[in-house]
Amino acid sequence: MPILVMFIIVSFAFYLFYKLKAWKLRNRQHESRWVGTKAAVALGLVLVFFGLNALYVRQSAVTIVISVILIAVGSFYIYQNIRLYRHLLPYAVEEARQNELNGDQ
């Protein structure tokens, strides 16, 4: 299904964008981890969309099992990283405030 392929590509592009952004912030611990969770959510979406696309393209027993595993792992990855994102948000905001006060860019 072309729409799922487009979602896979867009999700992977977001993954790369946030991964590179986190890499640029490597000297800021909390902000880097916070942006990294966005990348991990995008990676989870890639897994979910890939599993859904595999179900749509071919429906054999092996494909169904693999697709269900991909969707389950991707959903778990999304859930865990959203929780981590919410946990790290106050720390990242505080770290950004401190860097702003110190004049760090």
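Mentor: Before anything else, the rings of Phe, Tyr and Trp (its six-membered ring) pair if their centres lie within 6.5 Å, and planes under 30 degrees apart count as stacked, over 60 as edge-to-face and the rest as tilted. This is a predicted model, in which local features need pLDDT (the predictor's confidence in each residue, from 0 to 100) of at least 70, side-chain atom pairs count only at pLDDT 80 or more, and totals for chains, interfaces and linings use all residues. Residues are numbered from 1 along each chain as its sequence is written, and side-chain values use heavy atoms, without hydrogens and water.

Trainee: What is the mean pLDDT of the chain?

Mentor: Confidence in the chain is highest in helix α1, at 95, and lowest in helix α3 (residues 61-102), at a mean of 93; such helices are DSSP runs (H or I, at least four residues; strands, E, at least two), numbered from the N terminus. Over the chain, 98% of the residues reach a pLDDT of 70 or more, and the mean is 92.

Trainee: How many aromatic pairs does the ring rule give?

Mentor: Applying the rule on ring centres and planes to this model, one arrives at a count that takes in aromatic pairs of the chain, and that count is five. One of these pairs is formed by F14 and Y18, whose planes meet at 20 degrees with the ring centres 6.2 Å apart, so this pair is stacked. The number of aromatic pairs is therefore five.

Trainee: Which helix holds both F14 and Y18?

Mentor: The two residues are separated by four positions in sequence, about one turn of the helix. The helix that carries both of them spans residues 2-24 and is α1.

Trainee: Is Y18 buried or exposed?

Mentor: Buried means under 20% relative accessible area, exposed over 50%, and partly exposed in between (1.4 Å probe, protein chains only). On that scale F14, at 43% relative accessibility, is partly exposed. For Y18 the relative accessible area is 18%, so this residue is buried.

Trainee: What is the geometry of the pair F17 and Y18, stacked or edge-to-face?

Mentor: The ring centres of F17 and Y18 lie 5.1 Å apart, and because their planes stand at 65 degrees, the pair is edge-to-face. F17 itself has a relative accessible area of 46%, so it counts as partly exposed. Ring pairs link F14, F17 and Y18 into a cluster, within which the geometry between F17 and Y18 is edge-to-face.

Trainee: How is I3 classed by its relative accessibility?

Mentor: I3 has its place in helix α1. Its relative accessibility is 39%, so the class of I3 is partly exposed.

Trainee: How far apart in space are W34 and A92, C-alpha to C-alpha?

Mentor: W34 belongs to helix α2 and, with a relative accessible area of 18%, is buried. Between W34 and A92 there is a separation of 58 residues in sequence, yet the C-alpha to C-alpha distance in space is 6.6 Å.

Trainee: What is the distance in space between R58 and P90, C-alpha to C-alpha?

Mentor: R58 sits in the loop between α2 and α3, and its relative accessibility of 57% counts as exposed. R58 and P90 are 32 residues apart in sequence, while in space their C-alpha to C-alpha distance is 44 Å.
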